[in-house]
Amino acid sequence: MSFFENTRKPVGFSGKIMVAMMNFGHSAMAAWGLHFLHSAPDAMVLDCGCGGGANIKTLLKLCPKGKVQGIDYSAVSVEKARKVNAGAIAAGQCTVQQASVAELPFEADQFDVVTAFETVYFWPELAQNFREVYRVLKPGGTFFICNEANGETAKDDKWTQIINGMTIYTDADLKVYLEQAGFGRVQSHKNKKGWLCVTAQK
Ligand SMILES: C[S@@+](CC[C@H](N)C(=O)[O-])C[C@H]1O[C@@H](n2cnc3c(N)ncnc32)[C@H](O)[C@@H]1O
């Protein structure tokens, strides 16, 4: 297994290194994308594929009167995300659970916002997984996707060749899946670095 396979599912010692690197390496992209998210200070937020939990920490600052929950199917990610957000967990403002996006451990209509940073590339069944996100969002809630790769540049192939099970989607691809899942008002934003942010409403 190559080191970069840990982006799909961090495991073992190399997975621990990868989640620490991702917490640092994805921060600029996350800050850029979050300009397009308009969340209330008391929002209930779910971060899917939360990795090492740096984005949960940022979301807690954006929603200081709300609650931010995270899920990830990797035990290594969950452990790191819990460590990074230990204070908020102790204060009852945050939880992190080991779970897959295929079956979110939440009742329907719970969240104002569901975020997915650098993770939809690896989701096994995008149509079903987006329906699952739709299920847990409140009516009017926002699904926010932020990716460093937008499926339109030559460097994208480099990643899909070295990481098994990775698919890079264009904004048009994502719009089709989102609308199939029931979402509306799909909007996308791109920058010169090839980053992509897509938001959609339930
Ligand atoms: C490239 S990392 C991104 C982590 C974090 N969101 C960030 O931006 O730093 C992808 C994460 O998504 C998680 N992931 C991938 N597929 C998943 C799935 N089907 N269900 C839950 N988590 C998943 C991986 O375990 C990994 O922690």
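Analyst: Let's start with a rule: a charge sits over a ring if NZ of Lys or CZ of Arg is within 6 Å of the ring centre and within 35 degrees of the ring normal. The model here is predicted: local features need pLDDT of at least 70, side-chain atom pairs count only at pLDDT 80 or more, and totals for chains, interfaces and linings use all residues. Residues are numbered from 1 along each chain as its sequence is written, and side-chain values use heavy atoms, leaving out hydrogens and water.

User: How do you know that K9 lies over the face of Y73?

Analyst: K9 is 4.5 Å from the ring centre of Y73, and the limit is within 6 Å, so the distance fits. K202 does this too: its charged end sits over the ring of Y134, 5.0 Å from the centre.

User: Why is the pair of F3 and F4 called edge-to-face?

Analyst: Rings of Phe, Tyr and Trp (its six-membered ring) pair if their centres lie within 6.5 Å; planes under 30 degrees apart are stacked, over 60 edge-to-face, and the rest tilted. The whole structure has 13 aromatic pairs. In one of them, F3 and F4 have centres 5.6 Å apart and planes at 70 degrees, so the pair passes both tests and is edge-to-face.

User: What makes F4 partly exposed?

Analyst: Buried means under 20% relative accessible area, exposed over 50%, and partly exposed in between (1.4 Å probe, protein chains only). F4 has 33%, so it counts as partly exposed.

User: Why is the pair of F4 and W159 edge-to-face?

Analyst: Their centres are 5.5 Å apart and their planes are at 65 degrees, so edge-to-face it is. F4 is in the segment before α1 (12-25) and W159 in helix α7 (residues 155-162), so the pair ties together parts 155 residues apart in sequence. (Helices are DSSP runs of H or I, at least four residues, numbered from the N terminus.) W159 is partly exposed too, at 27%.

User: How do you know that D72 makes a polar contact with the ligand?

Analyst: A polar contact is a pair of N or O atoms within 3.5 Å. A polar side-chain atom of D72 lies 2.6 Å from a ligand oxygen atom, so that pair qualifies. For Y73, a polar side-chain atom is 3.3 Å from a nitrogen atom of the ligand. The protein covers 98% of the 590 Å² of accessible area that the ligand has on its own (Shrake-Rupley method, 1.4 Å probe).

Methods:
Helices (H or I, at least four residues) and strands (E, at least two) are DSSP runs, numbered from the N terminus. A polar contact is a pair of N or O atoms within 3.5 Å; within protein, one must be able to donate a hydrogen and the other to accept it, and residues adjacent in sequence count only if both atoms are side-chain atoms.
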